[in-house]
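Let's take a walk through this structure together. Have your viewer open and follow along.

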Amino acid sequence: MSGFKERADAALADPILKIAVERTTGTAETKRMIAIDAFPDFEAARTRAAAIKDHVIAHLGAYLEQFEANAIAAGAKVHWAETADEACKIVIDICKAAGAGSVARSKSMLGEEIGLPHALAEAGIDRVETDLAEHIIQLADERPSHIIWPAMHKTREQVSALFKARHRSPHEEETIAAMAESARRELRTQMLGADVGISGANFLIADSGAVCTVTNEGNAELSLVPPRVHIVTAGIEKIVPSTPHAIHMLRMLARSATGAALTQYTTFYTGPKRAGDRDGPDAMHIVLVDNGRTKMREEGLAEMLRCIRCGACMNHCVVFRQIGGHAYGGTYPGPMGAVLTPALDALAPNRDLAHACTLNGKCQEVCPVRIPLPTLLKGWREKSWREGLEPASIRAGLGLWAWVAMRPRLYRLGTGIAVRALRLLGTKGWIAKLPLAGGWTRDRDMPKPAARTFMAQYQKERRP
């Protein structure tokens, strides 16, 4: 489906999707609330986290150079990629130089962003996704629908059927524990037998050259330590000045993402295996990816570079919770995706994303780094208008509304008539069908309006 509206319509017509999404987002919302209530002065911590990211973004070049120097000193090799294609080429060349026939990949949204899974397939390199949810997605040949829970759109019943169809030794009991054990049997030998391990990075530590990853399954450690080569792909905005700064960001990330105080596995990788080490890769490569981030910083989207990929904005988004992640069409769904996708791709084919928002501000309210997502979305709407991307029908409709709105008497007369007409269409407090507004009433009912307009009620209250 080429357009957002078509994908959204398909999602709204899928009752199973709503169940799957609500199961996870509802739980995430509750757990986050409990975790935040137990965190002393969380609002001050959010302010500090935003300040850390803003400082780094303002001095990005200096911190990247510091990171590069320290990573090289620790024995890693650092590569720079301006575009997604450049990043994929670097990774493929490293794999070929290592004679890799298979790679084990820990979950990385940056990898999805640059199209790394497809690049590996085209190069004839076998890929095993070691994150449980990514394993589900790989078996189903689908894209992630959430940045924390990529298989959020699937129910446990669907996962059970998938494992029974695709696993060599599937589970017999219909329990989550049995399904997880089935995946463990399927993945463990493939992890340990991979020639190259590929990961993303939650944070890059400038003063040590270390790479930090967080998981709840331990799959990153099993994917990155046994192979001969470890490749990291990371966006340049992942940099933080020091380990204490990273620790502060980790406290914000875990609570906002899953409602936990800390993830089960938080690992700092500093270079390859050294003399005397019992394990670890022989070589470590770090690919620093721009892919539009510098342009975002220069064109008014610097605040979006604060994002630490926690997923809280989508967990609390009323639109995302109705349509899931695939309807957004890009790598990143939800409010953050509605801002990022036009920047990483183009505005013209993605202009509808900025309109798929009620601007209720909940996403900004829960963001651990205080990204003003509603403001950024309104910025895309304004740019779409300036560039003439809005349909002629919308431009004509808004032009007519503006003409009427500049004539107060006519406006009040028109709204008064409209309110009375709408009330005639309502049944039991709701309007099921509305002429010229099928896009709204096709999937939801519209509340029946009050008997009088706001202005009429306001003027009545003002009278002595």
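The second largest cavity holds about 100 Å³ of space. This is a predicted model, so read everything here in that light. Which residues sit closest to the centre of that second cavity? Of the 14 that line it, they are C307, C310, C313, C367 and I371. Sorted by class, its lining has twelve nonpolar residues, one polar and one charged.

Now step over to the largest cavity, with about 130 Å³ of space. Its lining takes in 18 residues, and the ones nearest the centre are C317, P335, C357, T358 and C363. Where do the lining residues come from? Helices α16 (334-344), α18 (362-366) and α19 (373-386) each supply at least two of them, and α16 gives the most, with three. By class, the lining of the largest cavity splits into twelve nonpolar, five polar and one charged. Zooming out, a search of the whole structure turns up four cavities of 30 Å³ or more. As for how such spaces get noticed at all, rolling a probe the size of a water molecule over the atoms shows where empty space is left.

Next, the strands. Is β6 (residues 210-215) enclosed or open? Six of its six residues are buried, so the strand is largely enclosed by the rest of the structure. Buried here means under 20% relative accessible area. Follow the side chains along β6 and you'll see A210, C212 and V214 pointing one way, with V211, T213 and T215 pointing the other way, and all of them buried.

What does β6 pair with? One partner is strand β5 (residues 203-205), which runs antiparallel to β6 and is joined to it by three bridges. β5 and β6 make a hairpin with four residues between them, and in the turn G209 has a positive phi of about 75°. Strand β9 (residues 265-269) also pairs with β6 in the antiparallel sense, this time over five bridges. V211 is a handy residue to click on in this region. Its bridge partnership in the hairpin is with L204, while in β9 its bridge partner is Y269.

Let's move on to the aromatic rings. How many aromatic pairs does a search of the whole structure find? It finds five. Take F454 and Y458: their ring centres are 6.0 Å apart and their planes meet at 15°, so this pair is stacked. The cut-off behind that label is planes under 30 degrees apart. Both residues belong to helix α23 (residues 454-462), and because they are four residues apart there, about one helical turn separates them. Are these two buried or exposed? F454, at 63% relative accessibility, counts as exposed, whereas Y458, at 40%, counts as partly exposed. Elsewhere, ring pairs link F4, F320 and Y328 into a cluster.

One last stop is the annotation. An unreviewed UniProt entry places the feature "domain: Lactate utilization protein B C-terminal" at residues 396-461. In the model, that span is 61% helix and 6% strand, and its end C-alpha atoms lie 35 Å apart.

Technical notes:
Residues are numbered from 1 along each chain as its sequence is written. This is a predicted model: local features need pLDDT of at least 70, side-chain atom pairs count only at pLDDT 80 or more; totals for chains, interfaces and linings use all residues. Side-chain values use heavy atoms; hydrogens and water are left out. UniProt positions are given in the numbering used here, feature names are shortened, and annotations may be inferred rather than shown by experiment. Helices (H or I, at least four residues) and strands (E, at least two) are DSSP runs, numbered from the N terminus. Buried means under 20% relative accessible area, exposed over 50%, partly exposed in between (1.4 Å probe, protein chains only). Two strands pair if DSSP finds at least two bridges between them. On a 1 Å grid over the protein atoms alone, a cavity is a set of points where a 1.4 Å probe fits but cannot get out, and a pocket is an open set with protein on both sides within 12 Å along at least five of seven lines; lining residues have an atom within 4 Å of a point. Grid points are joined across faces, edges and corners, and a volume is the space filled by probe spheres set on the points. Ala, Val, Leu, Ile, Met, Phe, Trp, Tyr, Cys and Pro count as nonpolar, Asp, Glu, Lys and Arg as charged, and the others, Gly among them, as polar. Rings of Phe, Tyr and Trp (its six-membered ring) pair if their centres lie within 6.5 Å; planes under 30 degrees apart count as stacked, over 60 as edge-to-face and the rest as tilted.
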